[in-house]
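Let's walk through this model together, starting from one side chain and working outwards. Keep the viewer open as you read.

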Amino acid sequence: MNEPRADASGMAATDFKPLTHYENFPVASLLLPARLRPAVQVIYAFARSADDIADEGDAQPEQRLAALQEYETAVNEIAQGLPQQDPLFAALAGVIRQYRLPPPLFLALISAFKQDVVTTRYPTFAGLLDYCDRSANPVGHLMLHLYGKAEAQNLRDSDAICSALQLINFWQDVGIDWQKARIYLPLEDLRRFGVTETAIADGRADAAWRRLMAFEIGRARELMLSGAPLASRLPGRLGWELRLVVQGGLRILDRIAANDYDVFRRRPMLGMRDWPAILWRGLRM
């Protein structure tokens, strides 16, 4: 590993920056302790740059997979204690050593990014949750490890929260994902509610679509609430940050429902008017 690796768009990993659009990273930066910010920035840069390899640009699938394989190779080398010349991977190696982070969590993320390259449909909800288990849940585990709170019950509740966040992101981005030729709604659910891919392509928010989305929103909400007690158990800033994450996710579900489940014409997003309600609900937790 003597040369900086380039991703599928031609950017070297040395070009990493604290990017701001990795949706699965549950971090409210104002609440993050200053001592952990450098480590979180490195982990975030790793995840964001790998995710961009899978999603961004015009590279062919084989190029994307080859670039992601280089990330996997780097993580395996870090696990073996081998030195890294690339600044991103060298920084990641330092964070893994300092906080004793399990390398398999990073490998799980990479496997999910690889899956994004080759998988555009999910036949079952179980299969979608398996993807969430690798695309979102490792982030929660990493945060708990950084805080020294990676007990079994905490990890289980974190999985519920992170998977719910991933599902919420899918539900609000159905139209955007369609432009990438992807459908994350389980095909078994499309059949059950009588929604076709043509309807998604047309942005048809009819009665069948509303029934489907109400069902999926209920699933995501139930999953989020099942993990929510973690926010009350964790102390200090971490607990407060997680309260805002939980309530922010639930608020987006409220937004989808308030828009009559039409995520095609208006992507549900949080605005300044939402934050008083989020803060109040977080306080009441």
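Start at leucine 146, which sits in helix H6, residues 137-147. Keep in mind that this is a predicted model. Is leucine 146 buried or exposed? Its relative accessibility is 4%, and buried means under 20%, so leucine 146 counts as buried. To see what surrounds it, leave out residues up to four places away in sequence: leucine 146 then touches Leu36, Ala39, Val40, Ile43, Tyr99 and Leu101. Take the last of these: leucine 101 is 45 residues from leucine 146 in sequence, yet their C-alpha atoms are 7.7 Å apart in space.

Two of those partners, Ala39 and Ile43, take us to helix H1, where they also meet helix H3. H1 covers residues 37-55, and H3 covers residues 87-99. How do they pack? The angle between H1 and H3 is about 130°, and their axes are 9 Å apart. That angle makes H1 oblique to H3. The crossing of this pair is left-handed. On the H1 side you'll find Ala39, Val42, Ile43, Ala45, Phe46 and Ser49, and on the H3 side Leu88, Phe89, Ala91, Leu92, Val95 and Tyr99. Sorted by class, this contact has 11 nonpolar residues, one polar and no charged ones. Tyr99, on the H3 side here, is also one of the residues that leucine 146 touches.

Now look at the other neighbour of H1, helix H2, residues 61-79. H1 and H2 pack at an angle of about 155°, with 8 Å between their axes. Over 145 degrees counts as roughly antiparallel, so that is what H1 is with respect to H2. H1 passes H2 in a left-handed crossing. From H1 come Phe46, Ser49, Ala50, Asp52, Ile53, Ala54 and Asp55, which meet Arg64, Ala67, Leu68, Tyr71 and Val75 of H2. By class, the residues here split into eight nonpolar, one polar and three charged. Phe46 and Ser49 appear in the contact with H2 and also in the one with H3.

Next, jump along the chain to isoleucine 217 in helix H11, residues 207-227. With a relative accessible area of 6%, isoleucine 217 is buried. Apart from neighbours within four places in sequence, isoleucine 217 is in contact with Trp171, Leu253, Ile256, Ala257 and Tyr261. The C-alpha atoms of isoleucine 217 and alanine 164 are separated by 9.7 Å, with their positions 53 residues apart along the chain.

Tyr261 is worth a stop of its own. Tyrosine 261 lies in the loop between H13 and H14, and so does aspartate 260. What is odd about the backbone here? Most residues other than glycine have a negative phi. Phi of tyrosine 261, however, is near 70°, and aspartate 260 has a positive phi of about 60°. As for solvent, tyrosine 261 is buried at 19% relative accessible area, whereas aspartate 260 is partly exposed at 43%.

Finally, zoom out. The protein has 14 helices and zero strands. Of its 285 residues, 52% count as buried. Among contacts with a separation of 6 or more, residues 24 or more positions apart account for 72%. The protein exposes about 13200 Å², and carbon and sulfur atoms supply 54% of that area.

Terms used:
Residues numbered from 1 in each chain as written. Predicted model: local features only at pLDDT ≥ 70, side-chain atom pairs only at ≥ 80, totals over all residues. Heavy atoms only, no water. Axes fitted to C-alpha atoms, helices over the stretch in contact; angles between N-to-C directions. Helix = DSSP H or I, 4+ residues; strand = E, 2+ residues; numbered from the N terminus. Parallel < 35°, antiparallel > 145°, perpendicular 65-115°, else oblique. Left-handed = near helix turned anticlockwise from the far one by under 90°. Contact = heavy atoms within 4.5 Å. Nonpolar A, V, L, I, M, F, W, Y, C, P; charged D, E, K, R; others polar. Buried < 20%, exposed > 50% of the residue type's maximum accessible area, 1.4 Å probe, protein only. Areas by Shrake-Rupley, 256 points an atom, 1.4 Å probe, with all protein chains shown as cover.
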